[in-house]
Amino acid sequence: MSLIELFVLAVGLSMDAFAVSICKGLSLGKIRIRHMGIAGLWFGGFQAGMPLIGYFLGRFFADMITKYAHWVAFVLLLFLGGKMIVEAFGKEEKLDADMGVKSMLLLAIATSIDALAVGVSLAFLKVQIVPAVSFIGVITFLFSAVGVKIGSLFGAKYQSRAQLCGGIILVLIGVKVLLEGLSVL
């Protein structure tokens, strides 16, 4: 996986966290740099940790299904991207200004479940996982911190667009992986 592909993947994965961060910024009203850091650390940390867990699960099962790896990656990414696209057209989520551990833990887990499945896909693609998850975590940290600021300035106006873009990116990466696995690309 090239650096550009990894960047696109990281941006796609960070869109849920970005959208939630925008809502946090909106609900907080006046924000402090601390709010941006809290969101960035929670979301970036989980977006880095979940694919790492998924990667090790995928490596455990990789030998059993290597022949079908491109199909597994395609199905997972298609499912996750499709889910994000559908959510983009769903109803607006309730805004909550709570930045406490319980609230942020639940949001971090919810926004990074897709990263767990992507980690499984990365295992089949033989990616160097530590640099990859570090990069994903940093990108998500930045998007989340900026999302809180944007939310405080502009509100939830762009939340669904961010989710839609993230979903499309994941679907396109899945199609690319499938086409490469079938030797079309």
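pLDDT is the predictor's confidence in each residue, on a scale from 0 to 100. It applies here because this is a predicted model.

**Exercise 1. State how confident the prediction is, overall and by helix.**

Step 1. Take the chain as a whole. Its pLDDT averages 83. At least 70 is reached by 88% of the residues.

Step 2. Go to the extremes. Helix 5 has the highest confidence, at a mean of 93. Helix 6 has the lowest, at 76.

**Exercise 2. Describe the fold of the chain.**

Step 1. Count the elements. The chain has six helices and zero strands.

Step 2. Put them in order. From the N terminus, the elements read α-α-α-α-α-α.

Step 3. Check burial. Of 185 residues, 47% count as buried.

Step 4. Check how contacts span the sequence. Take contacts between residues at least 6 apart in sequence. Of these, 95% join residues at least 24 apart.

**Exercise 3. Test the lengths of helix 4 and helix 5, then look for irregularities.**

Step 1. Start with helix 5. It has 26 residues, so at 1.5 Å a residue it should span 38 Å. Its end C-alpha atoms are 36 Å apart, which agrees.

Step 2. Repeat for helix 4. Its 24 residues should span 34 Å, and its end C-alpha atoms are 34 Å apart. That agrees too.

Step 3. Look along helix 4. A kink of about 40 degrees is centred on Ser 112.

Step 4. Look just past the end of helix 4. There Lys 126 has a positive phi of about 55 degrees.

**Exercise 4. Map the largest nonpolar core.**

Step 1. Recall the background. In soluble globular proteins, nonpolar side chains tend to be buried together.

Step 2. Find the best-connected members. The largest core holds 30 residues. Those touching the most other members are Leu 9, Leu 13, Val 118, Leu 122, Ile 136, Leu 170 and Ile 173.

Step 3. Ask which helices contribute. Helix 1, helix 2, helix 3, helix 4, helix 5 and helix 6 each supply at least two residues. Helix 1 gives the most, with eight.

Step 4. Zoom in on Ile 136. Beyond four places in sequence, it touches Leu 6, Leu 9, Ala 10, Leu 13 and Gln 47.

Step 5. Look for a further core. Another, of twelve residues, lies apart from the largest. Its members include Ala 17, Val 20, Met 104 and Ala 108.

**Exercise 5. Classify Ser 14 and Trp 71 as buried or partly exposed, and list their contacts.**

Step 1. Place Ser 14. It lies in helix 1, residues 3–28.

Step 2. Apply the cut-off. Buried means under 20% relative accessible area. Ser 14 has 0%, so it is buried.

Step 3. List its contacts beyond four places in sequence. Ser 14 touches Ile 139, Thr 140 and Phe 143. Of these, Ile 139 and Thr 140 are among the buried residues of helix 5.

Step 4. Place Trp 71. It is in helix 3, residues 69–88. At 39% relative accessibility, Trp 71 is partly exposed.

Step 5. List its contacts on the same basis. Trp 71 meets Leu 178 and Leu 182, leaving aside neighbours within four places.

Step 6. Add a C-alpha distance. Trp 71 and Gly 181 are 7.8 Å apart in space, yet 110 residues apart in sequence.

**Exercise 6. Classify two of the five aromatic pairs.**

Step 1. Choose the quantities. A pair of aromatic rings is described by the distance of the centres and the angle of the planes.

Step 2. Take Phe 18 and Phe 143. Their ring centres are 5.6 Å apart, with planes at 80 degrees. Planes over 60 degrees apart count as edge-to-face, so this pair is edge-to-face.

Step 3. Locate that pair. Phe 18 is in helix 1 and Phe 143 in helix 5, 125 residues apart.

Step 4. Compare their burial. Phe 18 is buried at 13%. Phe 143 is partly exposed at 23%.

Step 5. Take Trp 42 and Phe 46. Their centres are 6.0 Å apart and their planes at 20 degrees. Planes under 30 degrees apart count as stacked, so this pair is stacked.

Step 6. Explain their spacing along the chain. Trp 42 and Phe 46 are four residues apart in helix 2, so about one helical turn separates them.

Step 7. Finish with exposure. Trp 42, at 22%, is partly exposed. Phe 46, at 23%, is also partly exposed.

Conventions: Residues numbered from 1 in each chain as written. Heavy atoms only, no water. Buried < 20%, exposed > 50% of the residue type's maximum accessible area, 1.4 Å probe, protein only. Contact = heavy atoms within 4.5 Å. Core = buried A, V, L, I, M, F, W, Y, C linked by side-chain atoms within 4.5 Å. Phe/Tyr/Trp six-rings, centres within 6.5 Å; stacked < 30°, edge-to-face > 60°. Expected span 1.5 Å × (residues − 1). Bend = angle between axes of the 7 residues up to and from the residue.
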